[in-house]
Amino acid sequence: MLGLWRRIRRLGRIAEPAPEPPSTDRPDAAEQLGGSVQIRHVDAGSCNGCEIEIGAAFGPVHDGERYGARLVASPRHADALIVTGAVTRNMTEPLRRTYEAVPRPRMVVAVGDCARNCGVFASAYGVTGPVSAVVPVDLEVPGCPPRPEAIVAALRTLTGR
Ligand code: SF4
């Protein structure tokens with residue numbers, strides 16, 4: 001136990017230095033959300049690559065929570081959905097219902113190329129379409145998968161921090 005404390009003391013904080021706040025073109029969103037955004041994640045048909053990067057975005061190195069973004073367990077506690085993957089047929093209705101469960105004003109962030117335009121799964125038999133074919137999308141994060149820095153930067157445009 002003492003060894004662990006010594007190691008923590010020696011290493012200190014490992015979070016990346018905070019970059020400048022983003023110049024947001026969404027001051028309305030930042031104002032509505034009051035500087036923090038509670039997010040429910042929905043995997044609508046992802047390969048799990050985007051999930052790994054979202055995990056990294058909220059891990060100790062990139063630490064998305066220090067900018068006011070926080071993952072929550074229920075859409076009823078959320079201000080926004082973060083959706084990954086091309087929307088599969090089986091996830092079309094659950095995504096729609098999850099969106100309906102988020103209190104207004106609500107936002108949707110499509111993370112990854114699959115969520116934006118179906119990516120490598122375009123025209124697959126089990127795919128309904130991109131996220132925007134099922135629920136309205138407010139913000140897109142391109143990449144396959146997007147880097148955690150890009151995910152954090154996108155969420156900072158919502159919190160304005
Ligand atoms: S964008 Fe790439 S990493 Fe993300 S779900 Fe699609 S294939 Fe996987």
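How many of the five residues of β3 are buried? The legends below take up that question and others in a predicted model.

**View 1. The strand β3 is largely enclosed by the rest of the structure.** Five of the five residues of β3 are buried, so the strand ends up largely enclosed. From β3, Ala-80, Ile-82 and Thr-84 point one way, while Leu-81 and Val-83 point the other way. Residues on both sides of the strand are buried. As a reminder, side chains in a regular strand alternate between the two faces of the sheet.

**View 2. The strand β3 pairs with β1 and with β5.** Follow β1 alongside β3 and you will find parallel pairing over five bridges. Here His-41 has Ile-82 of β3 as its bridge partner. The pairing of β3 with β5 (residues 107-111) is also parallel, again over five bridges. For Leu-81, the bridge partner in β5 is Val-108.

**View 3. Helix α4 has a buried side and an exposed face.** Look for Met-91, Leu-95 and Thr-98, the buried residues of α4 (residues 89-101). Viewed down the helix axis, these buried residues fall within an arc of 65°, so they line one face of α4. The general rule helps here: an α-helix has 3.6 residues a turn, so residues three or four places apart point the same way. What do the buried residues of α4 pack against? Their packing partners are β1 (37-43), β3 (80-84) and β4 (87-88). Turned away from the buried side is a face carrying the exposed residues Arg-89, Glu-93, Arg-97 and Glu-100.

**View 4. A shell of 13 residues surrounds the ligand.** The closest residues to the ligand are Cys-47, Gly-49, Gly-112, Cys-114 and Cys-144. Which helices each supply at least two residues of this shell? They are α3 (49-57) and α5 (113-117). By character, the shell divides into six nonpolar, six polar and one charged residue.

**View 5. The whole chain puts the close-ups in context.** The chain contains six helices and seven strands, and from the N terminus its elements run α-α-β-α-β-β-β-α-β-α-β-β-α. Its C-alpha atoms fill a box of roughly 55 × 35 × 25 Å along the principal axes. The radius of gyration is 17 Å, which agrees with the value near 15 Å for a compact globule of 161 residues. Of the 161 residues, 39% count as buried. Among contacts between residues at least 6 apart in sequence, 83% join residues at least 24 apart.

Key:
Residues numbered from 1 in each chain as written. Predicted model: local features only at pLDDT ≥ 70, side-chain atom pairs only at ≥ 80, totals over all residues. Near = placed C-beta within 6 Å. Helix = DSSP H or I, 4+ residues; strand = E, 2+ residues; numbered from the N terminus. Nonpolar A, V, L, I, M, F, W, Y, C, P; charged D, E, K, R; others polar. Buried ≥ 20, exposed ≤ 12 C-beta atoms within 10 Å, placed from the backbone. Arc of directions from axis to C-beta. Contact = placed C-beta atoms within 7 Å. Pairing = 2+ DSSP bridges. Rg over C-alpha atoms; globule rule 2.2 N^0.38 Å.
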